[in-house]
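Thank you all for coming; I would like to take a few minutes to walk through one model, and I will keep to what can be read from it. Please have the picture open while I talk.

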Amino acid sequence: MSSPEFSDGEAPAEKVTEVSGTGIPVRGNDIDTDQIIPARFMKVVTFDGLGQFSFFDQRFDDEDNEKDHPFNEEQYRGANVLVVNANFGCGSSREHAPQALMRWGIDAVVGESFAEIFAGNCLALGVPTVTADQEDIEALQDYVEANPDAEVDIDVAEETVTYGDTVIDAEVHDAQRKALVEGVWDTTALMGANAGAVREAARSLPYVPDEHVPEPAAEDGA
Amino acid sequence: MSEGTLYDKVWDRHKVTRLPTGQDQLFVGLHLVHEVTSPQAFGMLKERDQEVAFPERTHATVDHIVPTGNRDRPYRDDAAESMMAELEENVRGSGIDFSDPDSGDQGIVHVIGPEQGLTQPGMTIVCGDSHTSTHGAFGALAFGIGTSQIRDVLATGCVAMEKQKVRRIEVTGELGEGVTAKDVILTIIGKLGTDGGVGYVYEYAGEAIEDLGMEGRMSICNMSIEGGARAGYVNPDETTYEWLEETDAFEDDPEEFERLKPYWESIRTDEDAEYDDVVTIDGSAIEPTVTWGTTPGQTAGITEPIPDPEDLPEEDRDTARRAQEHMRVEPGDTMEGYDIDVAFLGSCTNARLKDLREAAAFVEGREVDDDVRAMVVPGSQRVRDAAEAEGLDEIFKRAGFDWREPGCSMCLGMNDDQLEGDEASASSSNRNFVGRQGSKDGRTVLMSPIMVAAAAVTGEVTDVREMEEVATV
């Protein structure tokens with residue numbers, strides 16, 4: 001996915017209607033954002049280069065020797081569909097977590113359930129977080145393990161995940177689906193178009209002094 | 001859907017419009033900024049050639065990477081120095097108030113907002129930090145956001161959100177001796193699970209909550225996110241107003257206080273409000289509570305046995321097995337007597353003056369165990385100064401605690417304050433994830449400040465009620 005171009009007032013994000021590619025399973029419930037990207041790798045002022053630190057402490061021991069982890073396995077190089085279990089991404093609000101996964105190569109995450117801030121952060125990057133039942137997810141993880149080269153197709157609009165001869169009845173949260181399918185997930189542009197209404201809302205609040213509300217800029221067209 | 005709750009009212013007051021995605025565009029009344037999650041957002045803003053829309057509704061501090069020992073600039077850690085320098089440039093270039101270390105107001109973002117009166121009832125408050133839920137203690141709607149959303153707020157003064165369900169958590173009765181707000185929230189998360197609050201905002205209510213001071217309410221709201229709820233709140237009442245009256249915002253402006261009070265009263269949950277769910281917990285049955293595992297939901301009362309994974313719901317077994325292996329605990333044992341190497345009293349959950357007072361009252365006349373390194377990291381420079389004025393620092397130092405400068409410190413190990421190897425810590429912080437305190441083999445036991453103080457003294461997890469003279473402040 002290329003980064004979207006910004007233009008004034010219009011929703012600039014690209015549409016994400018489907019994601020296809022090979023899968024990579026990371027098993028376990030409650031995988032928190034400290035595991036996805038340990039805090040010591042967040043001492044940076046850009047997100048560049050974070051991909052290599054995904055799941056770092058799960059992948060390497062103290063001597064930097066590789067441990068057993070799907071992100072180390074040759075067969076999953078090039079995978080872009082991450083398959084996880086329940087409450088994935090719980091813990092901190094760090095966008096560094098989905099940024100690291102995305103920069104490693106992940107374009108979509110399929111799982112039993114996701115922590116909310118994590119799912120919101122994924123959406124802000126145009127990465128769908130798709131949910132399905134526990135049995136379906138486990139079957140998909142088994143399949144991906146046995147068939148690391150096989151394609152997994154996510155249809156965001158139709159809310160399905162297809163692999164081999166199987167079609168999983170999945171779920172993509174309503175707002176997320178709409179945002180991705182219609183390409184309106186760049187909320188800065190979307191909300192920036194309502195600057196006049198924002199000023200009005202701000203002025204209506206008793207705790208916001210008038211002088212804190214900016215004058216309309218010429219290009220607002222207000 | 002809920003109706004007539006504080007959440008509904010504050011949401012409606014801040015809703016700008018419905019977006020094409022089905023989300024609502026909400027005006028943000030207060031945007032708090034720190035050095036870890038903001039630089040990329042300011043970078044995105046620059047890329048788009050945009051300016052900060054509401055600089056006066058934005059406030060910054062430095063907490064995550066700031067050293068708690070030698071703070072001479074440049075910081076010894078180059079990465080920390082460059083993050084600090086970036087933040088300074090970003091906020092000064094945008095006209096954003098900055099509680100930096102030279103101001104005497106620096107501290108953990110969720111400590112300084114409430115102490116300066118920035119945090120007020122009926123506000124929407126966001127920060128690129130999941131513990132923003134803390135500010136809900138004042139009857140604000142407060143939640144953590146990601147960096148792209150920080151960009152949204154900087155550029156537009158708004159966030160895009162979907163409305164969630166409201167669960168009232170009623171904690172009845174009176175808390176027992178030695179039982180604190182921290183024990184209440186650990187118990188709640190233990191009962192409802194780390195994902196029990198996904199899709200919900202928590203309204204904390206009931207006698208046990210109303211009896212708490214603002215510090216206790218903040219500890220509870222702070223950990224809402226550990227239960228999966230992005231936000232949690234307590235309705236504002238006289239306790240709230242008494243705190244607010246003494247803050248910078250109102251201490252010299254009683255007229256402003258009186259002018260805003262009707263608004264604060266108006267957003268309180270109605271008597272006949274409707275909730276999506278109600279949970280009742282008997283506060284009088286809660287005992288000092290600690291974690292035995294590696295999620296904040298793996299908790300047990302201090303006299304309760306650690307559960308056998310086989311007895312847990314199927315979906316929790318695997319996590320419990322791995323947690324028990326990491327922590328080296330056995331089902332059937334209690335956590336009492338678990339050896340600790342480090343005692344950490346700090347974090348946005350429990351580093352306010354009242355927390356330090358309670359711990360100090362316990363520590364006075366006692367000594368830290370020879371095998372324990374113990375540290376106190378005040379939540380802010382103001383907390384530090386107030387504690388020093390009362391002589392709390394001397395009490396801690398005499399007992400063998402290290403008395404440090406304010407910051408997030410060993411809660412997440414982004415500065416030099418870290419566990420080493422497989423050290424076990426008794427910690428007043430909020431997360432016991434593997435690797436959280438800076439060492440991937442480190443072991444964290446979450447507990448209240450007085451329980452940390454007790455563990456520091458005995459060198460093991462200790463039932464504070466069994467020690468003589470449990471202090472109450």
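When I speak of helices and strands, I mean DSSP runs numbered from the N terminus, with at least four residues in a helix (H or I) and at least two in a strand (E). In that numbering, α3(B) is followed by B:Gly95, a residue whose phi is positive, near 75°. I should say at once that what we are looking at is a predicted model, and that every value I quote is computed from it.

Let me stay with this helix for a moment. How far apart should the ends of α3 of chain B be? With 17 residues, 78-94, at 1.5 Å a residue, the helix should span 24 Å, and its end C-alpha atoms are indeed 24 Å apart, so the expectation and the model agree. The buried residues of α3(B) are B:Ala80, B:Met83, B:Met84, B:Leu87, B:Asn90 and B:Val91. Seen down the axis of α3(B), these residues fall within an arc of 130°, and therefore they line one face of the helix. They pack against β3, α2 (39-47), β4 and β5 of chain B, whereas on the other side of α3(B) we find B:Asp78, B:Glu89, B:Arg92 and B:Gly93 exposed. In the loop between β4 and α3 of chain B sits B:Pro74, and the peptide bond that leads into this proline from B:Arg73 is cis, with omega near -10°.

A second helix of chain B, α4, has another kind of setting. Of its 8 residues, 7 are buried, which means that α4(B) is largely enclosed by the rest of the structure. Those buried residues are B:Val109, B:His110, B:Val111, B:Ile112, B:Gly113, B:Pro114 and B:Glu115, and they pack against β3 (30-33), β4 (58-61), β5 (97-99), β6 (124-127), α8 and α13 (381-389) of chain B. Just after α4(B) there is B:Gly117, which takes a positive phi of about 80°.

That brings me to the division of chain B. The domain assignment gives domain 1 as 6-266 and domain 2 as 289-466, and the centres of these two domains of chain B, taken over C-alpha atoms, are separated by 24 Å. Across the boundary, 37 residues of domain 1 of chain B are in contact with 37 residues of domain 2 of chain B. On the domain 1 side of chain B, at least two residues each come from α4 (109-116), α6 (181-192) and α8 (214-222), and the largest share, 6 residues, is supplied by α6(B). By residue class, this side of domain 1 of chain B that touches domain 2 divides into 10 nonpolar, 18 polar and 9 charged.

Now to the contact between the two chains. Here 54 residues of chain A are in contact with 67 residues of chain B. The elements of chain A that give two or more residues to its side of this contact are α1 (33-36), α4 (116-124), α6 (174-182), α7 (187-192) and α8 (195-203), and the residues on that side divide into 26 nonpolar, 16 polar and 12 charged.

Chain A itself has 8 helices and 7 strands, and its C-alpha trace spans about 60 × 45 × 30 Å along the principal axes. Of its 222 residues, 53% are buried. The domain assignment of chain A gives domain 1 (18-183) and domain 2 (190-220), with C-alpha centres that lie 38 Å apart.

Two backbone details in chain A deserve a look. A:Asp30, in the loop between β1 (18-25) and α1 of chain A, has a positive phi of about 55° although it is not a glycine. A:Glu159, in the loop between β5 (151-155) and β6 (160-163) of chain A, likewise has a positive phi, near 55°. Are these two residues buried or exposed? A:Asp30 has 29 C-beta neighbours inside 10 Å and so counts as buried, while A:Glu159, with 17, counts as partly exposed.

Finally, a word on confidence. The mean pLDDT of chain A is 92, and 92% of its residues reach 70 or more; over residues 1-11 of chain A, however, pLDDT stays under 50. Where pLDDT is low, the predicted coordinates should not be read in detail.

Notes:
Residues are numbered from 1 along each chain as its sequence is written. Chains are lettered from A and ligands numbered from 1 in the order in which they are written. This is a predicted model: local features need pLDDT of at least 70, side-chain atom pairs count only at pLDDT 80 or more; totals for chains, interfaces and linings use all residues. Two residues are in contact if their C-beta atoms, placed from the backbone, lie within 7 Å. Ala, Val, Leu, Ile, Met, Phe, Trp, Tyr, Cys and Pro count as nonpolar, Asp, Glu, Lys and Arg as charged, and the others, Gly among them, as polar. Domain bounds come from an automatic or database domain assignment. A residue is buried if 20 or more other C-beta atoms lie within 10 Å of its own, exposed if 12 or fewer, and partly exposed in between; C-beta atoms are placed from the backbone. The expected span of a helix is 1.5 Å times one less than its number of residues. The arc is that of the directions from the helix axis to the C-beta atoms. pLDDT is the predictor's confidence in each residue, from 0 to 100.
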